[in-house]
Amino acid sequence: MRRILSLFLCLVLILSPVLAAPAPTSFLQDYDAIEKASGSVIYLEADDDFDDEIITTGSGFVAFDSKTFITNYHVIEDAVWIRAFNESYQEYEVGKIIAIDKEMDIAIISFKTSTDITPLMLADSPNLKRGQPVAAIGYPQGISNTFSTGIISALVEENGVNEIQFTAPISQGRD
């Protein structure tokens, strides 16, 4: 569960400015904004050898620029190769792992070349509060870009790590 929370934390950090910004229509009611954000989320397949049997699937999102994406470390942990797809299942060639944090379950990876995917904006310092609406977008079990909503239930610091408890349903990828 902590691994799923790590990727969700990244999504919350990205979407916090959008969710917190006063506007006539909130992000959760702005269906065009939801569609735009969904276009920045990618589907990942990983394999631990060359037998063409996928060992795991997961989600990631393009961040910083059109050549970099973030996912959970456990998605790529034993991978020999990783394949990335957009919501139209156009494949993008994965380049190299830039950074990983096994404890936080985060991996930052590059594509071999720039993509046409718009990166999501990361929040500088999110001002999260209990009751604040949150959204999750991903590819649970390979189902294309599902969207769910909920609220922040609690903000907890455990062993120096800030954690967010939330009610948005999230299903895991295929292991």
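This short presentation describes the strands, aromatic pairs, nonpolar cores and salt bridges of the structure shown above.

Good morning. The model is a predicted one, in which local features need pLDDT of at least 70 and side-chain atom pairs count only at pLDDT 80 or more, while totals for chains, interfaces and linings use all residues. Residues are numbered from 1 along each chain as its sequence is written, and side-chain values use heavy atoms, with hydrogens and water left out.

I begin with the strands. Helices (H or I, at least four residues) and strands (E, at least two) are DSSP runs, numbered from the N terminus. Two strands are said to pair if DSSP finds at least two bridges between them. In general, strands of a sheet pair through backbone hydrogen bonds, either parallel or antiparallel.

Which order do the six strands of the barrel follow? The barrel closes in the order 1-2-3-6-5-4, with antiparallel pairing. From one strand to the next, the twist averages 40 degrees; axes here are lines fitted to C-alpha atoms, for helices over the stretch in contact, and angles run from 0 to 180 degrees between N-to-C directions. Within the barrel, strand 5 (residues 91–101) and strand 6 (residues 106–111) run antiparallel and are joined by five bridges. Asp101, for example, has Ile106 in strand 6 as its bridge partner.

A second group of strands, 7-8-9 in that order, forms an open sheet, again described by antiparallel pairing. Strand 7 (133–138) and strand 9 (161–166) stand at its edges with a single partner strand each, so one side of each has no neighbour in the sheet. The twist in this sheet averages 50 degrees from one strand to the next. Strand 8 (residues 146–158) is joined to strand 9 by six bridges, and the two run antiparallel. Glu157 stands opposite Asn162 in strand 9.

I now turn to the aromatic rings. Rings of Phe, Tyr and Trp (its six-membered ring) pair if their centres lie within 6.5 Å; planes under 30 degrees apart count as stacked, over 60 as edge-to-face and the rest as tilted. How many aromatic pairs does this rule give? The count is six. One of them joins Tyr43 and Tyr139, a tilted pair with 5.4 Å from centre to centre and 45 degrees between the planes. Tyr43 belongs to strand 1 (residues 41–47) and Tyr139 to the loop between strand 7 and strand 8, so this pair ties together parts that are 96 residues apart in sequence. Both Tyr43 and Tyr139 are buried, where buried means under 20% relative accessible area, exposed over 50%, and partly exposed in between (1.4 Å probe, protein chains only). The rings of Tyr92 and Phe111 have centres 5.8 Å apart and planes at 55 degrees, so this pair is tilted. Tyr92 lies in strand 5 and Phe111 in strand 6, so the pair ties together parts 19 residues apart in sequence. Tyr92 and Phe111 are both buried. One aromatic cluster is formed by Tyr43, Phe85, Tyr89 and Tyr139.

The next topic is the nonpolar interior. In soluble globular proteins, nonpolar side chains tend to be buried together. A nonpolar core is a set of buried Ala, Val, Leu, Ile, Met, Phe, Trp, Tyr and Cys residues joined through side-chain atoms within 4.5 Å. The largest has 15 residues, of which Ile42, Leu44, Phe69, Ile76, Ile109 and Phe111 touch the most other members. At least two residues of this core come from each of strand 1, helix 3 (73–76), strand 4 (81–85), strand 5 and strand 6. Another core, of 14 residues, lies apart from it and includes Phe27, Ala63, Ile70 and Phe85.

Finally, I come to the charged side chains. A salt bridge is a side-chain nitrogen of Lys or Arg within 4 Å of a carboxyl oxygen of Asp or Glu, and the structure holds four. Glu45 and Arg83 meet in one of them, at 3.1 Å from N to O. Glu45 lies in strand 1 and Arg83 in strand 4, so the pair ties together parts 38 residues apart in sequence. Is Glu45 buried or exposed? Glu45 counts as buried at 10% relative accessibility, whereas Arg83 is partly exposed at 32%. Arg83 also meets Glu91 in a salt bridge, at 3.9 Å from N to O. Glu45, Arg83 and Glu91 are thus linked in a network of salt bridges. Elsewhere, Glu93 forms a salt bridge with Lys112, with the closest N and O atoms 3.2 Å apart.
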